[in-house]
Amino acid sequence: MKRIIILIFIALVFITTPAQAADGDGKGMYASGNIGITLLSNSDFRFLGAEVLESSHDPGFNIGGALGYDYGNIRAEVEVAYREARYEHFSIGAVLPGCPCTGDDDDDVSAISFMANGYYDFDIEDSSLVPYLGGGLGGARIVLDDDAGIDDQDVVFAYQVMAGIGYEISSSTTLTVGYRYFRTTTPKYEITAAPGLFLEAPFESHEVIVGARFIF
């Protein structure tokens, strides 16, 4: 899946590169791509309502692309993104049935999300800098890969808020840097050695992203 997302991103950049030569009014269909650093919040795993595991993560990465329409100050788009981070360690708070649940460097959690986003761009007179605010709703497929006893996935509701600034190279090309807060409803993971029993853990990330947007 990671390779597919990366290939989509690369193809998106090459397909939209000719748009850089256009010189319009800055409105219309656009494609965008971004990459960045993902910092997952620490996860408290719960079993039957009780906290049984605590975990922390190493910094991860994210990559994504979007297609949308620029109406002027308002933009609307559909976005697909992938994010992943490895576990730094687990801390066991209670014994689970059939689950030693001790993490190592091969354990990770990932999410592929499909979002509908909206943005508001703030015009600054006589400036190429364009601050923006945005938000999005959609869904995500969360995959937890833990060799020590949890290996499962769940599809959940997701939402995000974004803020940042763009730099207009031309009327059709904008470079961006920003912050994104991404969160889902709580996914459930089945314990490998105990079918029918599940752990619950939140998925929440803080992300720094850089990217580019090209108007067709």
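This note reviews the fold, strand pairing, cavities, nonpolar core and one loop residue of a predicted model.

1. Overall composition. The protein contains 1 helix and 12 strands. Read from the N terminus, the order of elements is α-β-β-β-β-β-β-β-β-β-β-β-β, with the helix ahead of the strands. Of the 216 residues in the protein, 46% are buried. Among contacts with a separation of 6 or more, 68% join residues that are 24 or more positions apart.

2. Pairing around β1. Strand β1 covers residues 28–40. It is antiparallel to β4, residues 60–70, and 11 bridges join the two. Within this pair, Y30 has G68 of β4 as its bridge partner. β1 also runs antiparallel to β12, again with 11 bridges. Two positions illustrate the register of β1 against β12: N34 is opposite G211, and I35 is opposite V210.

3. Pairing and burial of β12. Besides β1, β12 (204–215) pairs with β9 (173–184). The β9–β12 pairing is antiparallel and comprises 11 bridges. In it, G178 of β9 faces I209 of β12. β12 is mostly covered, as 9 of its 12 residues are buried.

4. The largest cavity. The model has 3 cavities of 30 Å³ or more. The largest of them holds about 210 Å³ of space. Its lining consists of 17 residues, of which S32, N34, Y119, Y132 and T176 are the closest to the centre. N34 therefore appears in two roles, being one of these central lining residues and also the residue opposite G211 in β12.

5. Origin and character of that lining. Which elements each supply at least two residues of the lining of the largest cavity? They are β1, β5 (74–92), β9 and β12. The greatest contribution comes from β12, with 5 residues. By residue class, the lining of the largest cavity comprises 7 nonpolar, 5 polar and 5 charged residues.

6. The second largest cavity. About 60 Å³ of space lies in this cavity. Its lining includes L40, S41, S43, F45 and H57, together with Y87 and V109. Y189, A201, P202, F203 and E204 also line the second largest cavity. The lining divides into 8 nonpolar, 3 polar and 1 charged residues.

7. The nonpolar core. In soluble globular proteins, nonpolar side chains tend to be buried together. In this model the largest nonpolar core has 19 residues. Those with the most contacts inside the core are F45, V109, I142, L144, F182, Y189 and F203. At least two core residues come from each of β2 (43–47), β5, β6 (108–121), β7 (129–146) and β8 (150–168). F45, V109, Y189 and F203, named here for their contacts in the core, are also among the residues lining the second largest cavity.

8. Backbone at D126. Most residues other than glycine have a negative phi. D126 has a positive phi, near 60°. Where in the chain does D126 lie? D126 is in the loop between β6 and β7. Is D126 buried or exposed? D126 counts as exposed because its relative accessibility is 79%, the cut-off for exposed being over 50%.

Methods: Residues numbered from 1 in each chain as written. Predicted model: local features only at pLDDT ≥ 70, side-chain atom pairs only at ≥ 80, totals over all residues. Heavy atoms only, no water. 1 Å grid on protein atoms, 1.4 Å probe; cavity = no way out; pocket = protein on both sides within 12 Å on 5 of 7 lines; lining within 4 Å. Points joined across faces, edges and corners; volume = space filled by probe spheres on them. Helix = DSSP H or I, 4+ residues; strand = E, 2+ residues; numbered from the N terminus. Nonpolar A, V, L, I, M, F, W, Y, C, P; charged D, E, K, R; others polar. Core = buried A, V, L, I, M, F, W, Y, C linked by side-chain atoms within 4.5 Å. Buried < 20%, exposed > 50% of the residue type's maximum accessible area, 1.4 Å probe, protein only. Contact = heavy atoms within 4.5 Å.
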